[in-house]
Amino acid sequence: MTYINQLKIYVDQEVTLKGWVYNNRSSKALQFIELRDGSGLCQCIVARDDVSDEVWDAADSLKQESSIEITGNVVKDDRSVGGYELHVSGLTVIQLAEDYPITPKEHGVEFLMENRHLWLRSRRQWAAMRVRNAIVFSIHKFFQEKEFLQLDAPIFTGNAAEGTTTLFETDYFDDKAYLTQSGQLYAEAMAMAHGKVYTFGPTFRAEKSKTRRHLTEFWMIEPEMAFYDLDMNMDLAEEMVKDIIRYVLDHCPKELEILERDTTQLKQAVENEFHRLSYTEAVDLLKSNETAALLDQMTEERKKEREQLKAELEELKKEHGSAKKWRKAQIDQRIQEIHARQDQIEEDLRNIPVWKQSASGFTWGNDFGGSDETILTMQFDAPLIVHRYPAEVKAFYMKRDPDNDNLALAMDVLAPEGYGEIIGGSQREDSLEVLQKRIADHDLPEDVFSWYLDLRRYGSVPHSGYGLGLERTLSWICGLSHVRETIPFPRMLGRLSP
Ligand code: 4AD
Ligand code: MG
């Protein structure tokens, strides 16, 4: 058996492929079967004069997603979907599919989500999952080459890592257990045993946020390093993100092309230094005249475009009724484009933050919202790292800035193009007394953290780490509009199946 992505080594030879009918069409003398086999797509051509009646009839009976075994000669053809074609001599049907629900026409997102188990076979989804795999591999490669150990944190836990409001509670033999929000606290223990470790696992947040960035179950990569301070932590995060992008650009050009990803900003992220701003500097930037001008300009441009599109849409709808078939298809295509652009415009306009209307502007001390992150990153030609946040908005375990006790030694990596936070991390509090006080201040039960406090009792050292959200990262790299397309079976508010 041969796979489609290996066809280049079989030119002018006969091969057998096994796969599924992605698409097919026929004329009197020829049938075209677009075959997918998991590794790629290949156009298979059945010529009436070249095959037996059986093969011709079998090909003629095919429906979308039928599974088949197909034999033929490999011919190089640059115009063909994968660069090679199969000139068919034999064909066996493995299973003749029933009418497939996902047809080449456009479907609504809810319908596709209900059929996620089948939607995964579609080309864009296929490409995104392959990039996901590449990112996962590149992360392991990156850390393994740096001699980090990958060790796993438990999923059932007795304590909250990131605040108690977003915990999923489960029954654990008449006791309470929570699904982990982060492997960090355990990673800290493992770092004290091994120096440099990373966890790679599912994490859970009972967040009632219905945004394009939130899942209730997502995968997080959490390195934790003994003797690293905040600067070393930021350096590592930057090096890792660059490495991931470089790997994807090198190994997934075809996938990015299928996703129609404009890679300009990805290349910039590899080439340029990530900008680093303290939270306070970032707030100043938000409140600056430059930002105000940028927002005004964007608002005006988008509103103008919105009017133009509305007018165009009305014209097209008028024309549609009496148009010829070929023109109707053109119009439908354009209407689809306009709808997509309209969604983007609304999204951009929603991104005008509320504080823009208030005289005082953004208030120091507030956490950044998605739109604030978007506006900040718009002003740079690479991802942005914001550090030293107000301690109030950050977790209990973060070390305070020795120069300003109101600030936590935290850092977030913000991706450009509206994707926002992909990494959150910090230097950890390493003093037993201070940490005990923080646990009390946060109203957390000290007994469940006693093991964690032991790490400060027995050889406490400065240490740091961060968490990279796999789905947010994939969403940005692939240029997807929603994290629901970044994981095989997304779990979100209101979505538990399939
Ligand atoms: O910023 P967060 O909450 O950080 C932590 O959990 C730390 N304990 C990590 C550490 O220092 N070891 O989450 C880290 C990242 C975010 O930057 C984001 O990429 C992702 O996890 N993330 C989510 N992704 C999808 N859906 C959600 N609901 C997410 N919440 C966080
Ligand atoms: Mg965060």
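This briefing describes the surroundings of ligand 1, two helices, two buried loop residues and several unusual backbone features. The structure is a predicted model. Ligand 1 is surrounded by 23 residues, and the protein covers 94% of the 630 Å² of accessible area that this ligand has on its own. Strand β16 gives five residues to the shell, the largest share.

**Surroundings of ligand 1**

- Among the 23 residues around ligand 1, the closest are Glu-162, Gln-184, Arg-205, Glu-222 and Glu-421.
- The side chain of Glu-421 places an N or O atom 2.6 Å from an oxygen atom of the ligand.
- Ser-182 has a polar side-chain atom 2.9 Å from a nitrogen atom of ligand 1.
- The backbone is also involved: an N or O atom of the main chain of Gly-424 lies 3.4 Å from a ligand oxygen atom.
- Three elements each supply two or more residues to the shell, namely β11 (217–226), β16 (420–427) and β17 (463–469).
- Sorted by class, the shell holds seven nonpolar, eight polar and eight charged residues.

**Arg-213, a buried residue in a loop**

- Arg-213 is located in the loop that runs between β10 (196–204) and β11.
- Its relative accessible area is 16%, under the 20% limit, and Arg-213 therefore counts as buried.
- The side chains of Arg-213 and Glu-373 form a polar contact at 3.0 Å.
- Beyond residues up to four places away in sequence, Arg-213 touches Gly-370, Glu-373, Thr-374, Gly-418, Tyr-419, Gly-420, Glu-421, Arg-472 and Val-483.
- One of these contacts, Glu-421, is also among the residues closest to ligand 1.
- Val-483 is 270 residues away from Arg-213 along the chain, yet the C-alpha atoms of the two are separated by 5.6 Å.

**Ser-39, a second buried loop residue**

- Ser-39 is found between β2 (30–36) and β3 (41–47), in the connecting loop.
- With a relative accessible area of 8%, Ser-39 is buried.
- A polar side-chain atom of Ser-39 lies 3.2 Å from the backbone nitrogen of Ile-4, and the backbone nitrogen of Asn-5 is 3.0 Å from a polar atom of the Ser-39 side chain.
- Leaving aside residues up to four places away in sequence, the contacts of Ser-39 are Tyr-3, Ile-4, Asn-5, Trp-126, Arg-130 and Lys-254.

**Helices with one buried face**

- An α-helix has 3.6 residues a turn, so residues three or four places apart point the same way.
- In helix α8 (residues 264–271), the buried residues are Leu-266, Ala-269 and Val-270.
- Viewed down the axis of α8, these residues fall within an arc of 100°, so they line one face of the helix.
- The cover over the buried residues of α8 includes α6 (230–251) and α15 (470–478).
- Helix α13 (residues 432–441) has Leu-432, Leu-435, Arg-438 and Ile-439 as its buried residues.
- These residues lie within an arc of 125° when seen down the axis of α13, so they too line one face of the helix.
- The opposite face of α13, turned away from the buried side, carries the exposed residues Glu-433 and Ala-440.
- Elements covering the buried residues of α13 include β14 (400–401), β15 (404–415) and α14 (450–457).

**Backbone features**

- Most residues other than glycine have a negative phi, and most peptide bonds are trans.
- Asp-12 is not a glycine but has a positive phi of about 65°; this residue is in the segment before β1 (14–26).
- At 59% relative accessibility, Asp-12 counts as exposed.
- Asp-174 likewise has a positive phi, of about 70°, without being a glycine, and lies in the loop between β8 (168–172) and β9 (175–179).
- Asp-174 is also classed as exposed, with a relative accessibility of 76%.
- Asp-443 takes a positive phi of about 55° just after helix α13.
- Ser-497 and Pro-498 are joined by a cis peptide bond with omega of about 0°, and Pro-498 belongs to the segment after α15.

Methods
Residues numbered from 1 in each chain as written. Chains lettered and ligands numbered in written order. Predicted model: local features only at pLDDT ≥ 70, side-chain atom pairs only at ≥ 80, totals over all residues. Heavy atoms only, no water. Near = heavy atom within 4 Å. Polar contact = N/O pair within 3.5 Å; in protein donor to acceptor, adjacent residues only side chain to side chain. Areas by Shrake-Rupley, 256 points an atom, 1.4 Å probe, with all protein chains shown as cover. Helix = DSSP H or I, 4+ residues; strand = E, 2+ residues; numbered from the N terminus. Nonpolar A, V, L, I, M, F, W, Y, C, P; charged D, E, K, R; others polar. Buried < 20%, exposed > 50% of the residue type's maximum accessible area, 1.4 Å probe, protein only. Arc of directions from axis to C-beta. Contact = heavy atoms within 4.5 Å.
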